[in-house]
Amino acid sequence: MTSTLIPLLRQRRSQYVLGRDLALPQDEVDALIRETIRLTPSAFNSQSSRAVILFGDAHLKLWSIVKETLRAIVPAANFASTDTKIDSFAAGAGTVLFFEDQDVVAKLQHDYAAYAENFPIWSEQSGGMAQLAVWTALAEVGIGASLQHYNPLIDAEVAATWGLPASWKLRAQMPFGSNEAPFGEKTFMDDAERFHTFR
Ligand SMILES: Cc1cc2nc3c(=O)[nH]c(=O)nc-3n(C[C@H](O)[C@H](O)[C@H](O)COP(=O)(O)O)c2cc1C
């Protein structure tokens, strides 16, 4: 296979041991993330995906919001593992917050009523494509990342902290940074159970 994409997809893994030693300047990482999302397809070219890219103190603020939100609901006796996990994300260089703009979805539902039920689904699918694309683009430049979901617990405080529109629905958080540990083993189910090809 002469694909250049397959090795990149193989290179994209969940990295949970992050550091701040990025090989690229923050501006280049920021531009890479923006362009990757800009080029990701969306239903009716609706471009419903939004992103907030956090570095430095803003990145630390996000993980402080997550930690304090969880501290209020996780029993104190069980909090130590949560605390350690949140610290491992904060140890990275930045975080991408992925949103889907619900105003875009509502307008599509209004304008194309026959597809109304599909637009929320297509918005989610498009957001997932953007997440994979960013994760892979970061992997290509040697940046490790993982995909986290502390929404909806943190939604209100995130929106208030960064003054985000009410229509932006938080869908995922992607902490990223230098790869500070090898990736874990990954197993794959039998192809025969997943794929059929007919000719
Ligand atoms: C839709 C989706 C949701 C995920 N949610 C989480 C999550 O909340 N926390 C987490 O640590 N990993 C999450 N993951 C990462 C998966 O666990 C991981 O991609 C999978 O185990 C394969 O490992 P790999 O990423 O190293 O290839 C998610 C992945 C996907 C595609």
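**Exercise 1.** At what angle do helix α5 and helix α6 pack, and how far apart are their axes?

*Solution.* Keep in mind that this is a predicted model.
- Step 1: Find the two elements. Helix α5 spans residues 102-111 and helix α6 spans residues 118-140.
- Step 2: Read off the geometry. The helices pack at an angle of about 140°, and their axes are 9 Å apart.
- Step 3: Add the handedness. The crossing of α5 past α6 is right-handed.
- Step 4: List the residues that meet. From α5 come V105, L108 and Q109, while α6 supplies F119, P120 and S123.
- Step 5: Sort this contact by class. Four residues are nonpolar, two are polar and none is charged.

**Exercise 2.** Work out which residues surround the ligand, and sort them by class.

*Solution.* Let's collect the neighbours, using a cut-off of 4 Å between the ligand and a heavy atom of the residue.
- Step 1: The residues around the ligand are R12, R13, S14, Y16, W135, L147, Q148, H149 and K186.
- Step 2: Sorted by class, this shell holds three nonpolar, three polar and three charged residues.

**Exercise 3.** Describe polar contacts of the ligand, then say how much of its area the protein covers.

*Solution.* Here we look for N or O atom pairs within 3.5 Å.
- Step 1: Begin with Y16, which has a polar side-chain atom 2.8 Å from an oxygen atom of the ligand.
- Step 2: Turn to K186, where an N or O atom of the side chain is 2.6 Å from a ligand oxygen atom.
- Step 3: Check the backbone too. An N or O atom in the backbone of L147 lies 3.0 Å from a nitrogen atom of the ligand.
- Step 4: Finish with the cover. On its own the ligand has 620 Å² of accessible area, and the protein covers 53% of that.

Methods
Residues numbered from 1 in each chain as written. Predicted model: local features only at pLDDT ≥ 70, side-chain atom pairs only at ≥ 80, totals over all residues. Heavy atoms only, no water. Polar contact = N/O pair within 3.5 Å; in protein donor to acceptor, adjacent residues only side chain to side chain. Areas by Shrake-Rupley, 256 points an atom, 1.4 Å probe, with all protein chains shown as cover. Nonpolar A, V, L, I, M, F, W, Y, C, P; charged D, E, K, R; others polar. Axes fitted to C-alpha atoms, helices over the stretch in contact; angles between N-to-C directions. Helix = DSSP H or I, 4+ residues; strand = E, 2+ residues; numbered from the N terminus. Left-handed = near helix turned anticlockwise from the far one by under 90°. Contact = heavy atoms within 4.5 Å.
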